[in-house]
Amino acid sequence: MEEAARIIPMFFFEVIVPLLGVENTTILGITTPMGTQNFYHKLLQLRGSKGEKIFRTLVIERICAKCKLTDHPELCTHLLSQNPSWKPADAAEKVMRIMECAPELLAREVGGVGDAYRKSDFDIVAINNWAARPGYPSLRHAAKHFIIALDPTGGGEHSEIGITCGFLDPVSNVFVVCGAHGELLSRSSPYEHNRRVITEFIKNMYKHCSEAVTATTIVTIVEAQMSRVQAVDEMAIIKACCQTVSRTGQSFVQMHNEKGEPGVSTTFSKKCEMVEVCRKFLDDGRLYFSQSFFCASPKEEERMEQRKKLLTQAAVFKLHVDEGRDPGFSAPRMSWHGKHEGPDDTFMSFLMLLYHTVQFFMRPEYAPFRR
Ligand SMILES: [Zn+2]
(Lines give C-alpha, C1' and ligand atoms only; values in the text may rest on other atoms or scores of the structure.)
Protein backbone atom coordinates (compact mmCIF):
# COMPACT_ATOMS: atom_id res chain seq x y z
CA MET A 1 0.00 0.00 0.00
CA GLU A 2 1.45 3.37 -1.02
CA GLU A 3 0.18 6.45 0.90
CA ALA A 4 -1.51 3.95 3.21
CA ALA A 5 -2.86 6.58 5.64
CA ARG A 6 -4.99 7.96 2.80
CA ILE A 7 -6.65 4.65 1.94
CA ILE A 8 -10.42 4.66 2.54
CA PRO A 9 -10.89 2.55 5.71
CA MET A 10 -13.81 0.54 4.22
CA PHE A 11 -11.64 -0.46 1.27
CA PHE A 12 -8.89 -1.53 3.64
CA PHE A 13 -11.17 -3.61 5.87
CA GLU A 14 -13.29 -5.18 3.12
CA VAL A 15 -10.74 -5.81 0.40
CA ILE A 16 -7.25 -5.91 1.93
CA VAL A 17 -7.68 -7.34 5.43
CA PRO A 18 -9.50 -10.55 4.29
CA LEU A 19 -6.42 -11.39 2.22
CA LEU A 20 -4.43 -11.66 5.44
CA GLY A 21 -6.29 -14.90 6.12
CA VAL A 22 -4.51 -16.44 3.15
CA GLU A 23 -1.25 -18.34 3.67
CA ASN A 24 2.02 -16.38 3.22
CA THR A 25 0.41 -12.97 3.00
CA THR A 26 1.92 -9.79 4.34
CA ILE A 27 0.75 -6.20 4.20
CA LEU A 28 3.47 -3.71 3.47
CA GLY A 29 2.43 -0.09 3.91
CA ILE A 30 4.32 3.12 3.36
CA THR A 31 2.89 6.54 4.01
CA THR A 32 3.23 10.15 4.94
CA PRO A 33 1.95 10.44 8.54
CA MET A 34 -1.49 12.02 8.77
CA GLY A 35 -1.66 12.70 12.51
CA THR A 36 -2.80 10.59 15.43
CA GLN A 37 -6.53 10.90 14.74
CA ASN A 38 -6.12 8.88 11.59
CA PHE A 39 -7.26 5.23 11.14
CA TYR A 40 -3.79 4.23 9.95
CA HIS A 41 -2.22 5.55 13.15
CA LYS A 42 -4.68 3.44 15.14
CA LEU A 43 -3.72 0.34 13.11
CA LEU A 44 -0.09 0.89 14.05
CA GLN A 45 -1.04 0.81 17.75
CA LEU A 46 -2.88 -2.53 17.50
CA ARG A 47 -1.75 -5.31 19.85
CA GLY A 48 -2.15 -9.06 19.91
CA SER A 49 -3.33 -11.00 23.00
CA LYS A 50 0.22 -11.11 24.40
CA GLY A 51 0.66 -7.37 23.99
CA GLU A 52 2.79 -7.72 20.87
CA LYS A 53 2.30 -5.21 18.07
CA ILE A 54 0.30 -6.55 15.10
CA PHE A 55 2.30 -4.46 12.64
CA ARG A 56 6.04 -3.93 12.75
CA THR A 57 6.53 -0.21 12.32
CA LEU A 58 9.43 1.91 11.28
CA VAL A 59 9.02 5.66 11.83
CA ILE A 60 11.38 7.97 9.99
CA GLU A 61 11.22 11.57 11.16
CA ARG A 62 13.23 14.42 9.67
CA ILE A 63 12.54 16.93 12.46
CA CYS A 64 14.82 16.80 15.48
CA ALA A 65 13.46 16.70 19.06
CA LYS A 66 14.56 20.27 19.78
CA CYS A 67 12.90 21.79 16.72
CA LYS A 68 9.68 19.88 17.47
CA LEU A 69 9.17 22.12 20.48
CA THR A 70 9.58 25.36 18.52
CA ASP A 71 6.96 27.37 16.63
CA HIS A 72 8.44 26.32 13.31
CA PRO A 73 9.35 22.63 13.51
CA GLU A 74 9.10 22.33 9.72
CA LEU A 75 12.23 24.47 9.25
CA CYS A 76 14.51 21.93 10.97
CA THR A 77 17.63 21.23 8.94
CA HIS A 78 19.54 19.29 11.59
CA LEU A 79 18.86 15.84 10.20
CA LEU A 80 19.45 16.61 6.51
CA SER A 81 22.82 14.83 6.57
CA GLN A 82 21.00 11.56 7.21
CA ASN A 83 19.07 11.85 3.95
CA PRO A 84 19.54 9.02 1.43
CA SER A 85 21.82 9.73 -1.53
CA TRP A 86 18.91 10.30 -3.90
CA LYS A 87 17.62 13.11 -1.69
CA PRO A 88 20.49 15.63 -1.63
CA ALA A 89 20.38 18.51 0.85
CA ASP A 90 20.17 21.25 -1.80
CA ALA A 91 17.09 19.63 -3.34
CA ALA A 92 15.51 19.45 0.13
CA GLU A 93 16.20 23.14 0.56
CA LYS A 94 14.36 23.88 -2.71
CA VAL A 95 11.33 21.89 -1.56
CA MET A 96 11.38 23.73 1.75
CA ARG A 97 11.38 27.13 0.06
CA ILE A 98 8.46 26.17 -2.18
CA MET A 99 6.41 24.75 0.69
CA GLU A 100 7.20 27.45 3.21
CA CYS A 101 3.71 28.91 2.95
CA ALA A 102 2.20 25.58 4.06
CA PRO A 103 4.21 24.75 7.21
CA GLU A 104 1.93 21.97 8.43
CA LEU A 105 2.14 20.14 5.11
CA LEU A 106 5.88 20.68 5.02
CA ALA A 107 6.27 19.12 8.50
CA ARG A 108 4.29 16.12 7.30
CA GLU A 109 5.60 15.62 3.78
CA VAL A 110 9.25 16.45 4.31
CA GLY A 111 9.61 16.25 8.10
CA GLY A 112 7.68 13.00 8.44
CA VAL A 113 5.93 14.32 11.55
CA GLY A 114 2.16 14.23 11.35
CA ASP A 115 1.25 16.21 14.43
CA ALA A 116 4.09 18.68 14.90
CA TYR A 117 1.49 21.41 15.20
CA ARG A 118 -0.72 19.76 17.76
CA LYS A 119 0.44 21.71 20.79
CA SER A 120 -2.66 20.97 22.83
CA ASP A 121 -5.48 18.46 22.73
CA PHE A 122 -7.84 21.34 23.37
CA ASP A 123 -9.04 23.67 20.67
CA ILE A 124 -6.81 26.77 20.87
CA VAL A 125 -9.58 28.95 19.44
CA ALA A 126 -11.91 27.80 22.24
CA ILE A 127 -9.22 28.59 24.84
CA ASN A 128 -8.75 32.07 23.34
CA ASN A 129 -12.52 32.63 23.41
CA TRP A 130 -12.58 31.68 27.09
CA ALA A 131 -9.78 34.17 27.78
CA ALA A 132 -11.54 36.94 25.83
CA ARG A 133 -14.98 36.52 27.43
CA PRO A 134 -15.85 39.40 29.76
CA GLY A 135 -15.57 38.69 33.50
CA TYR A 136 -18.61 36.98 34.97
CA PRO A 137 -20.27 39.74 36.95
CA SER A 138 -23.00 38.55 39.26
CA LEU A 139 -21.96 36.09 41.94
CA ARG A 140 -24.88 36.77 44.29
CA HIS A 141 -27.59 34.10 44.08
CA ALA A 142 -25.64 32.35 41.38
CA ALA A 143 -23.76 29.85 43.50
CA LYS A 144 -25.17 27.39 45.99
CA HIS A 145 -22.02 25.30 46.03
CA PHE A 146 -18.53 26.62 45.92
CA ILE A 147 -15.95 24.12 44.74
CA ILE A 148 -12.23 24.11 45.59
CA ALA A 149 -9.74 21.74 43.95
CA LEU A 150 -6.19 21.17 45.11
CA ASP A 151 -3.28 19.43 43.41
CA PRO A 152 -0.75 19.54 46.26
CA THR A 153 2.98 19.55 45.75
CA GLY A 154 4.56 16.25 46.68
CA GLY A 155 8.04 17.69 46.99
CA GLY A 156 10.97 17.40 44.63
CA GLU A 157 12.51 19.78 42.12
CA HIS A 158 10.10 21.73 39.85
CA SER A 159 7.18 20.58 41.99
CA GLU A 160 4.25 22.97 42.15
CA ILE A 161 1.05 23.28 44.10
CA GLY A 162 -2.04 24.01 41.99
CA ILE A 163 -5.27 25.29 43.51
CA THR A 164 -8.42 26.50 41.73
CA CYS A 165 -12.00 27.25 42.71
CA GLY A 166 -15.30 28.21 41.16
CA PHE A 167 -18.94 27.28 40.78
CA LEU A 168 -21.47 26.04 38.26
CA ASP A 169 -24.21 28.60 37.65
CA PRO A 170 -27.36 26.45 37.79
CA VAL A 171 -29.34 28.88 35.63
CA SER A 172 -26.99 29.49 32.72
CA ASN A 173 -25.12 26.19 33.22
CA VAL A 174 -21.75 27.90 32.76
CA PHE A 175 -18.74 27.27 34.95
CA VAL A 176 -17.18 30.35 36.54
CA VAL A 177 -13.53 30.17 37.60
CA CYS A 178 -13.19 32.46 40.62
CA GLY A 179 -9.59 31.85 41.63
CA ALA A 180 -6.45 29.99 40.56
CA HIS A 181 -2.92 29.78 41.84
CA GLY A 182 0.17 27.75 41.06
CA GLU A 183 3.45 28.12 42.90
CA LEU A 184 6.79 26.39 42.71
CA LEU A 185 8.06 24.75 45.87
CA SER A 186 11.00 26.70 47.22
CA ARG A 187 12.94 26.47 50.48
CA SER A 188 10.09 25.36 52.77
CA SER A 189 8.96 21.76 53.17
CA PRO A 190 6.12 20.53 50.91
CA TYR A 191 3.80 20.49 53.92
CA GLU A 192 4.61 24.11 54.85
CA HIS A 193 4.37 25.19 51.22
CA ASN A 194 0.95 23.61 50.71
CA ARG A 195 -0.34 25.04 53.97
CA ARG A 196 0.85 28.59 53.28
CA VAL A 197 -0.58 28.74 49.74
CA ILE A 198 -3.90 27.21 50.84
CA THR A 199 -4.21 29.73 53.71
CA GLU A 200 -3.50 32.77 51.50
CA PHE A 201 -5.79 31.48 48.78
CA ILE A 202 -8.76 30.91 51.09
CA LYS A 203 -8.25 34.31 52.71
CA ASN A 204 -8.49 36.01 49.30
CA MET A 205 -11.40 33.79 48.33
CA TYR A 206 -13.54 35.25 51.10
CA LYS A 207 -12.25 38.74 50.37
CA HIS A 208 -12.98 38.78 46.65
CA CYS A 209 -16.02 36.48 46.41
CA SER A 210 -17.58 37.00 49.82
CA GLU A 211 -21.12 37.39 48.51
CA ALA A 212 -20.87 34.10 46.63
CA VAL A 213 -18.91 32.09 49.15
CA THR A 214 -20.49 32.78 52.53
CA ALA A 215 -23.95 31.50 51.58
CA THR A 216 -22.74 28.29 49.99
CA THR A 217 -21.76 24.75 50.78
CA ILE A 218 -18.00 24.37 50.29
CA VAL A 219 -16.99 21.29 48.33
CA THR A 220 -13.34 20.27 48.54
CA ILE A 221 -11.49 18.08 46.09
CA VAL A 222 -7.95 17.03 46.88
CA GLU A 223 -5.75 14.82 44.77
CA ALA A 224 -4.74 11.76 46.78
CA GLN A 225 -2.61 9.87 44.31
CA MET A 226 0.51 9.87 46.47
CA SER A 227 -0.79 9.87 49.99
CA ARG A 228 -4.27 9.56 51.43
CA VAL A 229 -3.08 10.77 54.84
CA GLN A 230 -1.77 13.93 53.22
CA ALA A 231 -5.08 14.47 51.40
CA VAL A 232 -7.05 14.15 54.66
CA ASP A 233 -4.68 16.65 56.20
CA GLU A 234 -5.05 19.15 53.39
CA MET A 235 -8.83 18.94 53.38
CA ALA A 236 -8.73 19.68 57.10
CA ILE A 237 -6.51 22.72 56.46
CA ILE A 238 -8.95 24.05 53.83
CA LYS A 239 -11.88 23.54 56.19
CA ALA A 240 -10.11 25.17 59.13
CA CYS A 241 -9.11 28.18 56.97
CA CYS A 242 -12.69 28.64 55.75
CA GLN A 243 -14.06 28.45 59.29
CA THR A 244 -11.51 30.89 60.63
CA VAL A 245 -12.37 33.49 58.00
CA SER A 246 -16.12 33.01 57.64
CA ARG A 247 -16.96 32.47 61.34
CA THR A 248 -20.30 30.98 60.26
CA GLY A 249 -21.51 27.42 60.35
CA GLN A 250 -20.89 26.66 56.70
CA SER A 251 -21.44 23.12 55.45
CA PHE A 252 -18.57 21.18 53.97
CA VAL A 253 -18.39 18.27 51.60
CA GLN A 254 -15.13 16.44 51.06
CA MET A 255 -15.16 14.40 47.90
CA HIS A 256 -13.89 10.82 47.91
CA ASN A 257 -12.91 8.22 45.35
CA GLU A 258 -15.09 5.33 44.10
CA LYS A 259 -14.04 3.19 47.07
CA GLY A 260 -15.23 5.85 49.51
CA GLU A 261 -11.68 6.77 50.55
CA PRO A 262 -11.01 10.48 51.11
CA GLY A 263 -9.48 12.43 48.23
CA VAL A 264 -9.74 11.76 44.51
CA SER A 265 -7.47 9.94 42.13
CA THR A 266 -5.98 11.12 38.84
CA THR A 267 -5.17 7.88 37.07
CA PHE A 268 -4.71 7.82 33.31
CA SER A 269 -8.30 6.73 32.60
CA LYS A 270 -9.65 9.31 35.04
CA LYS A 271 -7.65 12.02 33.26
CA CYS A 272 -9.18 10.87 29.94
CA GLU A 273 -12.62 11.54 31.43
CA MET A 274 -11.49 14.88 32.88
CA VAL A 275 -10.18 16.00 29.50
CA GLU A 276 -13.48 15.02 27.86
CA VAL A 277 -15.49 17.10 30.35
CA CYS A 278 -13.18 20.08 29.92
CA ARG A 279 -13.30 19.82 26.14
CA LYS A 280 -17.11 19.86 26.29
CA PHE A 281 -17.18 23.02 28.43
CA LEU A 282 -14.58 24.71 26.22
CA ASP A 283 -16.20 23.84 22.91
CA ASP A 284 -19.67 24.85 24.15
CA GLY A 285 -18.31 28.20 25.31
CA ARG A 286 -19.38 27.55 28.91
CA LEU A 287 -16.22 28.69 30.71
CA TYR A 288 -15.87 32.12 32.33
CA PHE A 289 -13.54 33.89 34.69
CA SER A 290 -15.13 35.77 37.54
CA GLN A 291 -14.95 39.56 37.38
CA SER A 292 -13.42 39.43 40.86
CA PHE A 293 -10.87 36.77 39.96
CA PHE A 294 -8.23 36.24 42.65
CA CYS A 295 -5.11 34.18 43.48
CA ALA A 296 -3.09 33.53 46.63
CA SER A 297 -1.33 36.87 46.31
CA PRO A 298 -2.99 40.28 46.88
CA LYS A 299 -0.97 41.90 44.06
CA GLU A 300 -2.95 42.92 40.97
CA GLU A 301 -0.21 41.93 38.50
CA GLU A 302 0.15 38.53 40.15
CA ARG A 303 -3.58 37.93 39.66
CA MET A 304 -3.23 38.57 35.93
CA GLU A 305 -0.16 36.32 35.85
CA GLN A 306 -2.01 33.44 37.50
CA ARG A 307 -4.96 33.77 35.13
CA LYS A 308 -2.57 33.72 32.19
CA LYS A 309 -0.75 30.72 33.66
CA LEU A 310 -3.92 28.64 33.75
CA LEU A 311 -4.69 29.47 30.11
CA THR A 312 -1.11 28.88 28.96
CA GLN A 313 -1.00 25.48 30.66
CA ALA A 314 -4.29 24.54 28.95
CA ALA A 315 -2.77 25.47 25.60
CA VAL A 316 0.02 22.87 25.88
CA PHE A 317 -1.83 20.07 27.64
CA LYS A 318 -2.01 16.93 25.55
CA LEU A 319 -1.78 13.19 25.34
CA HIS A 320 1.79 11.94 25.08
CA VAL A 321 2.42 8.54 23.56
CA ASP A 322 5.90 7.19 24.22
CA GLU A 323 7.24 3.92 22.97
CA GLY A 324 7.43 1.25 25.67
CA ARG A 325 10.76 0.02 26.97
CA ASP A 326 10.92 -2.55 24.22
CA PRO A 327 9.65 -0.78 21.07
CA GLY A 328 7.38 -2.98 19.02
CA PHE A 329 6.62 -5.38 21.86
CA SER A 330 5.84 -3.61 25.12
CA ALA A 331 2.79 -1.36 25.19
CA PRO A 332 3.39 2.33 24.54
CA ARG A 333 3.14 4.53 27.62
CA MET A 334 0.41 7.10 27.42
CA SER A 335 0.08 10.07 29.71
CA TRP A 336 -1.78 13.36 29.83
CA HIS A 337 0.32 16.35 30.77
CA GLY A 338 1.80 19.67 29.75
CA LYS A 339 5.08 19.16 31.58
CA HIS A 340 7.20 19.39 28.42
CA GLU A 341 6.55 23.15 28.62
CA GLY A 342 6.95 23.60 32.41
CA PRO A 343 4.64 22.93 35.35
CA ASP A 344 1.04 22.00 34.55
CA ASP A 345 -0.31 21.84 38.11
CA THR A 346 -2.68 24.81 37.94
CA PHE A 347 -4.40 23.38 34.90
CA MET A 348 -4.35 19.88 36.43
CA SER A 349 -6.18 21.21 39.48
CA PHE A 350 -8.64 22.97 37.15
CA LEU A 351 -9.34 19.70 35.30
CA MET A 352 -10.08 18.10 38.68
CA LEU A 353 -12.29 21.03 39.62
CA LEU A 354 -14.45 20.87 36.51
CA TYR A 355 -14.76 17.10 36.39
CA HIS A 356 -15.67 16.70 40.06
CA THR A 357 -18.14 19.57 39.94
CA VAL A 358 -20.05 17.56 37.35
CA GLN A 359 -19.62 14.42 39.50
CA PHE A 360 -20.93 16.28 42.52
CA PHE A 361 -24.14 17.13 40.69
CA MET A 362 -24.53 13.65 39.24
CA ARG A 363 -23.51 11.07 41.82
CA PRO A 364 -26.33 9.86 44.08
CA GLU A 365 -24.21 9.86 47.26
CA TYR A 366 -23.90 13.66 47.06
CA ALA A 367 -27.65 14.20 46.66
CA PRO A 368 -28.18 15.19 50.34
CA PHE A 369 -25.62 17.99 49.91
CA ARG A 370 -27.12 19.37 46.74
CA ARG A 371 -30.24 20.84 48.31
ZN1 LIG B 1 16.20 20.59 14.28
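**Notes on the predicted two-domain chain**

1. Start with the split: the domain assignment puts residues 4–109 in domain 1 and residues 124–370 in domain 2. The C-alpha centres of domain 1 and domain 2 sit 38 Å apart. Bear in mind that this is a predicted model.

2. Now the overall numbers. There are 371 residues in the chain, and 31% of them count as buried. The C-alpha trace spans about 75 × 45 × 40 Å along its principal axes. In secondary structure, the chain comes to 13 helices and 8 strands. If you look at contacts with a separation of 6 or more, 72% of them are between residues 24 or more positions apart.

3. The sheet is worth tracing by eye. It is an open sheet of 6 strands with mixed pairing, and the order reads β5-β4-β1-β2-β3-β6. At the edges you'll find β5 (252–254) and β6 (287–294), each of which pairs on one side only. On average, neighbouring strands of this sheet are turned by 25° against each other, direction ignored.

4. Zoom in on the β6 end. Strand β3 (residues 175–184) and β6 run parallel and are joined by 4 bridges. If you want a pair to click on, take V177, whose bridge partner in β6 is F289.

5. Which strands does helix α7 touch as it packs on the sheet? The answer is β2 (160–168), β3 and β6, with α7 itself covering residues 190–208. The direction of α7 makes about 25° with that of β2. Helix α11 (residues 300–314) also involves this part of the sheet: α11 lies across β3 and β6, running at about 100° to β3.

6. Next, a helix pair. The axes of α10 (residues 268–283) and α12 (residues 345–362) come within 9 Å and cross at roughly 85°. Crossing angles of 65 to 115 degrees count as roughly perpendicular, so that is the label for α10 and α12.

7. What do α10 and α12 bring to their contact? From α10 come E273, M274, V275, V277, C278 and F281, and these meet L351, M352, L354, Y355 and V358 in α12. By type, the residues of this contact divide into 10 nonpolar, no polar and 1 charged. The charged one is E273 of α10, as Glu counts as charged.

8. For a quick tour in the viewer, I'd go from the two domains to the β3 and β6 pairing, then on to the crossing of α10 and α12.

How values were computed:
Residues numbered from 1 in each chain as written. Predicted model: local features only at pLDDT ≥ 70, side-chain atom pairs only at ≥ 80, totals over all residues. Pairing = 2+ DSSP bridges. Helix = DSSP H or I, 4+ residues; strand = E, 2+ residues; numbered from the N terminus. Axes fitted to C-alpha atoms, helices over the stretch in contact; angles between N-to-C directions. Contact = placed C-beta atoms within 7 Å. Buried ≥ 20, exposed ≤ 12 C-beta atoms within 10 Å, placed from the backbone. Domains from an automatic or database assignment. Parallel < 35°, antiparallel > 145°, perpendicular 65-115°, else oblique.
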